[in-house]
Each structure stands twice: as structure tokens, then as C-alpha cells.
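Student: I have a chain with a ligand open in my viewer, and I would like to talk it through with you. Shall we start at the binding site?

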Amino acid sequence: MSDKRDMSQNSKDEQLESFRVNDKGKKLTTNQGLKMSEDEFSLKVGERGPTIMEDFHFREKLTHFDHERIPERMVHARGFAAHGEFQLYESMSKYTKAKFLQEPSKKTPVFVRFSTVNGSKGSADTVRDARGFATKFYTEEGNYDLVANNIPVFFIQDGIKFPDLVHSFKPEPDNDIPQASTAHDTFWDFVANNQESAHMIMWIMSDRAIPRSFRMMEGFGVHTFRFVNDKGKAHFVKFHWKPLLGTHSLVWDEAQKLAGVDPDFHRNDLSHAIENGFYPEFELGVQILAEEDEFKLGFDILDATKIWPEEDIPVKIIGKMTLNQNVDNFFAETEQVAFHPGHVVPGIDFTNDPLLQGRLFSYLDTQLIRLGGPNFHELPINRPVVPFHNNQRDGYGRQTINQGKVAYHRNSMWGNTPAPVSEEKGGYKNYQEKVEGRKIRARSESFTDHFSQATLFWNSMSPAEKKHIIDAFSFELGKVDSISVRQQVVDMFANVSLKLAVAVAENIGVRPPKGRGSNITKASPALSQENTIFKAKTRKVAVILTNGFPGPEVKYVLDRFVAVGMVLEIIGENLGVVEGTSGVSYNVDYTFLTADSVLFDAVYMINGSRKSQKFNKDAAYFIDEAFSHYKPIGATHEGRKWLEVNQLIGKPGVVMKDDLKIFADEFIQAVASHRFWNRAV
Ligand code: HDE
């Protein structure tokens, strides 16, 4: 690609366009462009004879196929991505000179890959795990990667422990079991013997680890980074993504069932939302701390197991990212994208967080093995939208044809070019932090409080959220064979909350914990999902509808739902069209054979008991399950019979009204509420 083309282009999409190929309607050729007359039969000696070496087409086709797979990511193997754009609300020039954070009028193309951490590429979407939330900004100063998670802290404090952590949570090495799950001995043995993990474990046991959707997750840069302005003045900064649909989760039973019913649940959710024009939106927030205040927070800001409570340091919302385009090709884009926290632009810099320092080594290293060499930056999805010039040459898969003889610095033959650029003219210059010290392998004393913020998190949870945490610990430790490990974990979490540890100990058959509990009483309301945004928009409603439904009335209600952006899926007795009175009809999307309540956010029943016993049984099960997952249930017309049969009338979140306008209002409100935790199920 010529510089001219690179320079003229600021849209990543235009750049990708030049790489897109559509084979539809084309003639078949080999990779050398040779048209082939036959693609079904290998070249043989006689019709029944052996295949011969001469068959270059056979060999090329099979060889390519044999090499189609690349190593999956060591962690974050299962991911799903989309394109979009980022736009700033107000200039950040006071804090950073990063060009993409100066002008509210400017749009920066982005590519975002969401992922689970633990499971293999083919594992289920809804497992209990942290989620990756990695964003590549294609800026005019080169690519900036914000490689974030949906949890604001991490398990460990120093990058050197990452292989130990990952070995403990991956399937156990003797039998490769279990897949995509931390509910096994080695992980919990690691936790109990590496107590810096306490805070992260509280998040992993909470609802945050089973998100309803990628569209409903927060994102966190985790580490403390630096913003540097054009005067060279630095501020500490933490990055946040806030979803405009609010932060919402599944319930554990639902998450487990979804892993079977639809292992692609989050992928489907994201790609369908984009296809239907419901573009996911996330606001970018920053917490900013003056350098002088580095030691004022009561914990070490270089410790990645700590948050900056939002009530103490507010999150300033500075812009919005909109995901508006699905990928064309999963391998070329989602699989080959290569993120790296070290991909920065002037105005964004690092701190000495030892976890961040470890990451700055690991990401480039991992791309070399995964993408087969040092030229992965030339892959279309990884190319910056500005040209790159340096003396790096050759290597596997090199695409640029570098002209001329000179490939070294310093030179006279090319006037010592490519030439470094001064800081004033936009060259990156690392922040000149003064550091002094002895070379030692040690943990700073300021990194040794592992429990205060774990308790802060616990204190901030609603009663329902606390119950989910106790249930999650009990599930995970219930799968641990070693009684000693179970006991160690319970003893450890007594330092977070005695109530939590005692409840878990009872459930998993170990001695009551030895710990004394915590004297931390502080809470941070921003940590509870009860305090998030609630909207009916994009919520998926199962509409149970059979022939003979009252056409105009049902149409009125369904139109109201669509008007607020709810997504309706019709469940009927059979596929095809379901007919109502006055010529109103709908296409049926599912029968009870293909629909399961876990696929939906809410249920609306219009038609009640049918002649078929099977239909009645299936419907009863469907509604019961939705009820047990705390989902809104609405009924009008004959649908009310189901509420009677299932004894649901008057229960929280069960809406039944004769007046259809009032019904629609109340049901929309119920759907926006997400779940009704005050139900006894
Ligand atoms: Fe990663 N991490 N990580 N990580 N990480 C990778 O890089 C690593 C950490 C995160 O969608 C790998 O390209 C170390 C924190 C995301 O492609 C690897 C340490 C956070 C993704 C790696 C951490 C993350 C990765 C594997 C501790 C949240 C997926 C494949 C020092 C802020 C990116 C790859 C994608 C991927 C190393 C800790 C986020 C092996 C050594 C903390 C979102 O390089």
C-alpha cells in the first residue's frame, strides 16, 4: 500500500475495503491465478488408480487446508468483535495531548473485541469469568489500544505471577478438565495461597462475571496510566467504559443452561443488535488524579488489586463509542487482531504498576507465536491508518516492498532518514519520571492490604447481590474435592466478611472460619448493579401466540413494545404464520421445540391452554422457568389462564391488566426493571 493512499485516508473502513474480496460468481482458480477445469477429482492413474504427486492443485488445496488453524490465544481465546467509532464530548487538552482526545468534532474509527478469559475458542459464552473488552483506536497518530476487562481489578499484583495464575484456572493438566470453569481444585488452591486475589475473587463470584450481554458490561483499564499534556505536565488516570443500556447480568442457573441451549448467546446478541440497528454505545470515562496526590488515597495506586472509589474520585465522562458494523470475516478480523497495552500515542503513558510492566512484555511476545512472525502489524485489521516507516525489514509474511538499499540508522546515503521526530513535532517521548532504588525482587509494603477493598465491594452489594455471591462461592467450592482447600478459602474470606464465610462454610461442609471478620464499613454505591441504568430498549420478549388471537388488540400492545425498542420473538404451535382476528397475523419465530425461556428477557402470553397436552406442558415449564429466573411476565386475554394454573397472579413482576394501555405501560416498565429479586422462587 503506497504512502499516498495511506495519507489520504482517515477511515479505517476505506482501508479495509481495499482488502475485501468477494468470491461469489467468480471462476475458480488456484492461488497462482490459474483457472482449473476440475475441482472434485484428484489426478489419478486410471479411474480407479492411485493419486499422483503431479497433482499440484490437490497438494495446494490440502496443504492450505492443513494450515488453516493458528494457535488460539493463551487466554481470551474466545472472543467476538465489531467495528465502530469514538467521538469526544469535550476536549481533554488540559490533561493530554493525544490528538484523538482534542476535538469533539472528530470521529476515530475503533475495533472492539470482547472475550472470555479462561475457555478455549469453542467454549460457551455464558461461563462465570471476567470478560475482555479490548479497543483499538485507529488514530491519526497511530494505533492506541485500551486493552481492558469488565472487572476493574486483577488477581495478582506482579506480571511474573501470570503464568501461575493461568495454569491454576485452566483445565487441570492430568485430564484437561474442566473446560472454561474455575470450579476446580487448582484454581482455589491458588486463591487461598495467593491472597492478593481476594478483591478480584469477590468480583468473579458476583453477577459481574455472568453478564447479560457484551452490550451491558462496564469496561475498566485496570491499571493507573498517565495522561501527559503539551506542556509535559502529567496526571494519573484510570479508564472506564459505561454502557448506555446499563450494567446487567444473568442468573447462574440461566447462564449454565444457556451454555447448552445457545453457547453463542453473547455473540448472537451482539451481532443481531448491530444488524437490527440497535448500536451498542459505551461512554468513555476517566478518573484523574494529580501527581501530587499519589499517596493520598490510603492505598497504592500502582497496585492493580485496587479501585479508586467513584464517590471519592468521580468518573468524568468524556466521550462515546458506538459499535455499528459487524465484521466481514471472523478469522481475518476477530482472530487476527493483535492488541497490546504498549500501543500508545503521545499524551498517554505508563506507570510503574508491576502488572502493567509485565503486560508490556507479554502482548508483543504472544503475537509473535500466534500470528507467526513480526509482520502482524501489516494484517489489514492491525494496520494503522497512517503510514509506518522504519528500518525493520523482512520476516515471515512481509507484505511491503521496501525500495532502496538503506535500512539502517545512522546513514548519510538517505540523509539519515527515516528520521526521528522531535516531541514538539509529534514524536513520542516517554514521560521522564525520576526513579531511584536498589535492584530487588520484593513486594512493596504498600501492596500488602488484600482485604479492605474486597470488603468495600461486599459492603456495596444489595441483599440479592450478596446472596448470589454466597451461592457462587458455594457452587465453586462445592466442586472442589480437597477439603483442605475448601477450608483454606473459607478461612481466607472470613477476612472479607464473617457472614459470607460462615454461610459458605455451612453450605460446603467445612468448619466455621477462624478469621475475625472485617472492621471496614465503607461502601461504594457505584459498585452495585442496582444503581445502574434500566431500559426496556433491546430487551427480548417471548410472545406466546396461537391462532385465533384478538388481532387489533394484540397489535396495539405489540406495536407499543416495538415503539420503545423491545425485540419481539413469536412462539407458536408450529412455524409459519399465526393468524388472529381482523386479518392480523405474525410470522412465528420459534416453537417450544426451539425456544427456551433462557433465551429471553421477558414473556408475554396471549393465548392460554390449548388442546395439545404437549403445548400446555411446555408452556407451563417455560413460564415457570422464566419466573424462577426473576423475569417479567405479562398476560392478557386467555394468557391469564396460565398465570392461574402456575399460581403466579399477584407475584412481583407479573403484570395482568384488563386495560391494554395500562397493561402496556406496566409491562414496559417491568421489562425495563430487568429482574424482580423480591420474588420467592
Ligand atoms: Fe492480558 N493477555 N495479561 N490482561 N488480556 C492477553 O495477549 C497478560 C491482563 C486482556 O481480545 C494475551 O493477544 C499478562 C489485565 C484482554 O485479543 C497475553 C497479564 C487485563 C486480552 C496477555 C495480563 C488484561 C488479553 C493473550 C498480567 C485487563 C484479549 C492473547 C501481567 C486490563 C485481547 C493476547 C484480545 C490477552 C497477557 C493481565 C486484558 C498472553 C502477562 C490486568 C482484554 O499476552
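**Around the ligand**

Tutor: Happily! In this predicted model, helix α10 contributes the most to the shell around the ligand, with 6 residues.

Student: Which elements give two or more residues to that shell, and where does the ligand sit?

Tutor: Let's place the ligand, then look at what surrounds it. The ligand sits in the second largest pocket. Two or more residues of the shell come from each of these elements: β3 (131-139), β4 (142-149) and α10 (354-370).

Student: How do the residues of the shell divide into nonpolar, polar and charged?

Tutor: There are 22 residues around the ligand, and R73, R113, R359, Y363 and Q367 come nearest. Sorted by class, the shell holds 10 nonpolar, 9 polar and 3 charged residues.

Student: Which residue is the only protein donor of the iron atom of the ligand?

Tutor: Look along helix α10, where this residue lies. Its OH is 1.8 Å from the iron, and no other protein donor is found. The side chain also has an N or O atom 2.6 Å from a nitrogen atom of the ligand. The residue is Y363.

Student: How far is a polar side-chain atom of Q367 from an oxygen atom of the ligand?

Tutor: It helps to set this beside another polar pair. For R359, a side-chain N or O atom is 3.5 Å from a nitrogen atom of the ligand. For Q367, the partner is an oxygen atom of the ligand, and the distance is 2.9 Å.

**The chain and its backbone**

Student: Why can the chain be called as compact as a globular protein of its length?

Tutor: The chain has 18 helices and 17 strands. For 681 residues the globule rule gives 26 Å, and the chain comes close to that, so it is as compact as a globular protein of that length; its radius of gyration is 28 Å.

Student: What does the C-alpha trace span along its principal axes?

Tutor: This is a handy check for setting up a box around the chain. The spans are about 90 × 80 × 55 Å.

Student: Which peptide bonds are cis?

Tutor: Most peptide bonds are trans. Here, R410 and P418 both belong to the loop between α10 and α11 (452-460). Omega is near 0° for one cis bond and about -5° for another. They are H409 to R410 and T417 to P418.

Student: What is phi of V222, and where does V222 lie?

Tutor: Most residues other than glycine have a negative phi. V222 lies in the loop between β5 (219-220) and β6 (225-228). Its phi is positive, near 65°.

Notes. Residues are numbered from 1 along each chain as its sequence is written. This is a predicted model: local features need pLDDT of at least 70, side-chain atom pairs count only at pLDDT 80 or more; totals for chains, interfaces and linings use all residues. Side-chain values use heavy atoms; hydrogens and water are left out. A residue is near a molecule or strand if one of its heavy atoms lies within 4 Å of it. A polar contact is a pair of N or O atoms within 3.5 Å; within protein, one must be able to donate a hydrogen and the other to accept it, and residues adjacent in sequence count only if both atoms are side-chain atoms. On a 1 Å grid over the protein atoms alone, a cavity is a set of points where a 1.4 Å probe fits but cannot get out, and a pocket is an open set with protein on both sides within 12 Å along at least five of seven lines; lining residues have an atom within 4 Å of a point. A molecule sits in a cavity or pocket if more than half of its atoms lie within 2 Å of its grid points. Helices (H or I, at least four residues) and strands (E, at least two) are DSSP runs, numbered from the N terminus. Ala, Val, Leu, Ile, Met, Phe, Trp, Tyr, Cys and Pro count as nonpolar, Asp, Glu, Lys and Arg as charged, and the others, Gly among them, as polar. Donors are N, O and S atoms within 2.8 Å of the metal (3.2 Å for Na, K and Ca); water is not among the atoms, so sites may look incomplete. The radius of gyration is taken over C-alpha atoms; the globule rule is 2.2 Å times the number of residues to the power 0.38.
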